[in-house]
Amino acid sequence: MSQSTIESILQEERLFSPSESFSETAHIKSLEDYQRLAERAKADPEKFWAELAQQELHWFQKWDTVLDWQPPFAKWFVNGKLNISYNCLDRHLTTWRKNKAAIIWEGEPGDSRTITYAQLHREVCQFANTLKQLGVKKGDRVGVYMPMIPEAAIAMLACARIGAPHSVVFGGFSAEALRDRLIDAEAKVVITADGGWRKDAIVALKPQVDKALADGAVPSVENVVVVKRTAQDIHMQPGRDHWWHDLQQDASPDCPAEPMDSEDTLFILYTSGSTGKPKGVVHTTGGYNLYTHITTKWIFDLQDTDVYWCTADVGWITGHSYIVYGPLSNGATTLMYEGAPRKSNPGCFWDVVEKYGVTIFYTAPTAIRAFIKMGDHLPKARDLSSLRLLGTVGEPINPEAWMWYHKVIGGERCPIVDTWWQTETGGVMITPLPGATSTKPGSATFPFPGIIADVVNLDGNPVGENEGGYLVVRHPWPSMLRTVYGNPERFRRTYWEHIPPKDGKYLYFAGDGARKDKDGYFWIMGRVDDVLNVSGHRLGTMEVESALVSHPAVAEAAVVGKPDDIKGEEVVAFITLEGNYEPGDELAKELKQHVVKEIGAIARPGEIRFSEALPKTRSGKIMRRLLRSLAAGEEVSGDTSTLEDKSVLDKLRGEG
């Protein structure tokens, strides 16, 4: 691909600047303010983070050393003592926030609860004491396998309160996936529910726990606590299984927060590898608390009047950082929703926005593309005027989906924060700050202050303007993962040795490809294994996908490479169509030509496969690894535990 073609892709002409009225009240009010913060952080990172830690958090004991960096192992706020549950709850009780809504919860069947900070504190303390009564001590791991109900957040905060690292497993995972994670974490207790609601159906959870624990498969588990949510009949094993409500009613509401060392483990969260068993990402207390707190405050421009809704599940890092810990540490009102758009109510998200006057809405590009497919009439039938800020997370967003989000959901008045980050980073790394940054549709814009990001080649040298390369972080940051649980060598090998250290300087490699344009804006290309090499030209799958979805017939597109003797790789596109279009040779030909027109002949798909749906993880990411295997005619292998609907894969194989 020629340099001019690349530039034409990346020079997104549309630029959206913050309104004067938004910037006036924002925490970070201008690009100059952002630049001053970023320059100060780069000049003296330790001073920058220390000042924020002092200003923003409550500490039982101040740290001795801000950063102990023994590459690739970091310790932040060494010997500092704090508790994230205290920072999320107790410190708000001496202010007017005591009676403010901490969690607004809406169940899929329409039941709801509003829990104030005082009430949440009481329930967390009670459950912390319940865990103690079950023999859980500081350092013991607790498995959490829950639907999207308040008890999931209560369980996490209770674990943090007594210093027992939690390992939340998404409630859609299979019994096998749950078992593997419980074994690896050596969990002592599992917290679950009889079931949860999703898309008009009950998802059974307790039977999955029973299956995971059958025949003593997880010998470390001594007790199971069960929330009654859906009231279907379940088996309760005497001596092992306990009802949440029975334990809670007898528990004391007095449970002082345990002073935790800044580097004590807060949680283990498993992220799937392409092969082998999932990696247990370890996050610790102090740095994670600070980073999720300040990123939530500045990126979402949190104000005391906001009703903030992140649509993720607490089973993912987004739920940990931006439903539970980040918002509550700031004293915000965070909304939890059990449901999802479904046949009985495809517009349910907009019902929730209207019902509660949601002001900040943070969701995934996959969801946005699904909203587009459902039709504009659904959001237009609701009053969305309360919204003042929109966000996206999970994968790069196509510019046309960004524009739809801006126009139809944001009414052309809401800034959009397109955030790039990972389970491993703990918090958002590259993002606009809504009062300061002019945005380009499809670009995550600039690193958060204190994040020294770059795009480099395999030798670790910066690449040129608009050249594709590897996205790296050059300096440690407070919420970085500390290790892979029980496997420090895997941690070193996976994140720090892909690009060899030079002169003792280690680069954190994110696994993603990126480019920087002439204005310094970052454009995330997706996973490096989502970067194609066609006739020697590096081509981001997102670029081809963006071109495809800009065609009116295309609802969603996933592009992968197929080995080719001549080109190295050939472009294969998997397409789902908008409702009124029919698959066929003529449409395939038209779409190929559309890509040529949008990008150039080098990007022309060699093959287009039409599909009713694409294989996705339960967090909404397209599993391109599986599509690559299908395109190459290979047997699908590796970890498929995160796949939401296995029938999609069967249909693509021709078995469905």
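Buried means under 20% relative accessible area, exposed over 50% and partly exposed in between, with a 1.4 Å probe and protein chains only. The model is predicted, so local features need pLDDT of at least 70, side-chain atom pairs count only at pLDDT 80 or more, and totals for chains, interfaces and linings use all residues. Residues are numbered from 1 along each chain as its sequence is written, and side-chain values use heavy atoms, with hydrogens and water left out.

**Exercise 1. Cysteines**

Find how many disulfides (pairs of cysteine sulfur atoms within 2.5 Å) the structure holds, then look at C348 and C414.

Solution. Step one: the count of disulfides is zero. Step two: for C348, the nearest cysteine sulfur belongs to C310 and is 15 Å away. C348 is buried, at 1% relative accessible area. Step three: C414 also has the sulfur of C310 as its nearest, 17 Å away. With a relative accessible area of 2%, C414 is buried.

**Exercise 2. The open sheet**

Work out the strand order of the seven-stranded open sheet, and which strands stand at its edges. Strands (E, at least two residues) and helices (H or I, at least four) are DSSP runs, numbered from the N terminus; two strands pair if DSSP finds at least two bridges between them.

Solution. Step one: the order reads 5-4-17-16-18-19-20, with mixed pairing. Step two: strand 5 (112-116) and strand 20 (416-418) are the edges; each has a single partner strand, so one side of each lacks a neighbour in the sheet. Step three: the twist from one strand to the next averages 15°. Step four: strand 20 pairs with strand 19 (residues 389-392) in the parallel sense, over three bridges. There, D418 is the bridge partner of T392.

**Exercise 3. Aromatic pairs**

Classify the pairs F173 with W316 and F491 with Y495. Rings of Phe, Tyr and Trp (its six-membered ring) pair if their centres lie within 6.5 Å; planes under 30 degrees apart count as stacked, over 60 as edge-to-face and the rest as tilted.

Solution. Step one: F173 and W316 are 5.9 Å apart centre to centre, with 75° between the planes, which is edge-to-face. F173 sits in the loop between strand 7 (166-168) and helix 8 (175-185), and W316 in the loop between strand 16 (307-310) and helix 12 (317-329), so the pair ties together parts 143 residues apart in sequence. Step two: the ring centres of F491 and Y495 are 6.2 Å apart and their planes stand at 50°, so this pair is tilted. Both residues belong to helix 17 (residues 488-496), four residues apart, or about one helical turn.

Notes
Axes are lines fitted to C-alpha atoms, for helices over the stretch in contact, and angles run from 0 to 180 degrees between N-to-C directions. A disulfide is a pair of cysteine sulfur atoms within 2.5 Å.
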